[in-house]
Amino acid sequence: AAAVQVPPSVHTPKKRRLFGKGSVAPDSSSGHLPLADEIYQLSTWRLLTRLAVLLKPNALVILGAVLFSLVNGAIFPVFGYTMAKTMGVLVSYDGTDVSQYKKDIIKWAFCFVGVGVCSLFANFGEFSLILWSYESLVRRLRCSMIAAVLRQVCSRACVGAHAKRDVGWFDS
């Protein structure tokens, strides 16, 4: 495909800012873009703030995932309690009242089934909501990066005397 040529007088490299500091225009002496660590050093708090802003559209989904994870975390102590009560029933059997023994064992067996069903739904809810949230985050990031690449005008250092508004410069 033929690239659209822009006259040199029209194209003047603009200095763009990335993360608020430093120019991402090519260096005049070497013609290369500065590395990310040369542009800006982000603190941990700044990175977490940026991540929170990116995750804001999915706040309710993440809140649901947190609630499912709380339920999932509460299942293990309940499982331990149920196991201890079942062991208590098994150890305390003296052989006299068989019907009461069967009732207690069946009651704690159904408690185990209830814990298992709760664990199934809590795990499914937690993982599916987290995966859905981060899948949409990755989709938004990919779309914004592709849009940024398509908006860019390649610098003169990449293509020579004339810049072009074509993504074909990636192939060269």
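Me: In this predicted model, buried means under 20% relative accessible area. What share of the 172 residues in the chain is buried?
Reply: The chain has 172 residues. Its accessible surface comes to about 12,800 Å², with 68% of that belonging to carbon and sulfur atoms. The buried residues make up 15%.

Me: Is Trp-108 buried or exposed?
Reply: Trp-108 lies in helix H4, which covers residues 98-151. Its relative accessibility is 11%. The cut-off for burial is under 20%, so Trp-108 counts as buried.

Me: What pattern does the chain follow along the sequence?
Reply: The secondary structure comes to five helices and two strands. Read along the sequence, the pattern is β-β-α-α-α-α-α.

Me: What share of the contacts with a separation of 6 or more joins residues 24 or more positions apart?
Reply: Take one pair of positions as a picture of distance in sequence and space. Ala-74 and Ser-119 are 45 residues apart in sequence, and their C-alpha atoms are 9.5 Å apart. Among the chain's contacts with a separation of 6 or more, the share from residues 24 or more positions apart is 60%.

Me: Which kind of aromatic pair do Tyr-81 and Trp-108 form?
Reply: The count of aromatic pairs comes to three. In this one, the centres are 6.2 Å apart and the planes meet at 70 degrees. Planes over 60 degrees apart count as edge-to-face, so the pair of Tyr-81 and Trp-108 is edge-to-face.

Me: How many residues apart are Tyr-81 and Trp-108?
Reply: Tyr-81 sits in helix H3, residues 59-91. Trp-108 sits in helix H4. The pair links distant parts of the chain, and the separation is 27 residues.

Me: Which kind of aromatic pair do Tyr-93 and Tyr-101 form?
Reply: Their ring centres are 4.0 Å apart, with 35 degrees between the planes. Stacked needs under 30 degrees and edge-to-face over 60. The angle meets neither limit, so the pair is tilted.

Me: How does Ala-74 count by accessibility, buried or partly exposed?
Reply: Ala-74 lies in helix H3. Its relative accessibility is 38%. Partly exposed runs between the limits of 20% and 50%, so Ala-74 is partly exposed.

Me: How many disulfides does the structure hold?
Reply: A disulfide is a covalent bond between the sulfur atoms of two cysteines. Cys-111 is partly exposed at 30% relative accessibility. Cys-118 is partly exposed at 45%. The number of disulfides in the structure is zero.

How values were computed
Residues are numbered from 1 along each chain as its sequence is written. This is a predicted model: local features need pLDDT of at least 70, side-chain atom pairs count only at pLDDT 80 or more; totals for chains, interfaces and linings use all residues. Side-chain values use heavy atoms; hydrogens and water are left out. A disulfide is a pair of cysteine sulfur atoms within 2.5 Å. Buried means under 20% relative accessible area, exposed over 50%, partly exposed in between (1.4 Å probe, protein chains only). Helices (H or I, at least four residues) and strands (E, at least two) are DSSP runs, numbered from the N terminus. Contact means heavy atoms within 4.5 Å. Accessible areas come from the Shrake-Rupley method with a 1.4 Å probe; for residues, only the protein chains shown count as cover. Rings of Phe, Tyr and Trp (its six-membered ring) pair if their centres lie within 6.5 Å; planes under 30 degrees apart count as stacked, over 60 as edge-to-face and the rest as tilted.
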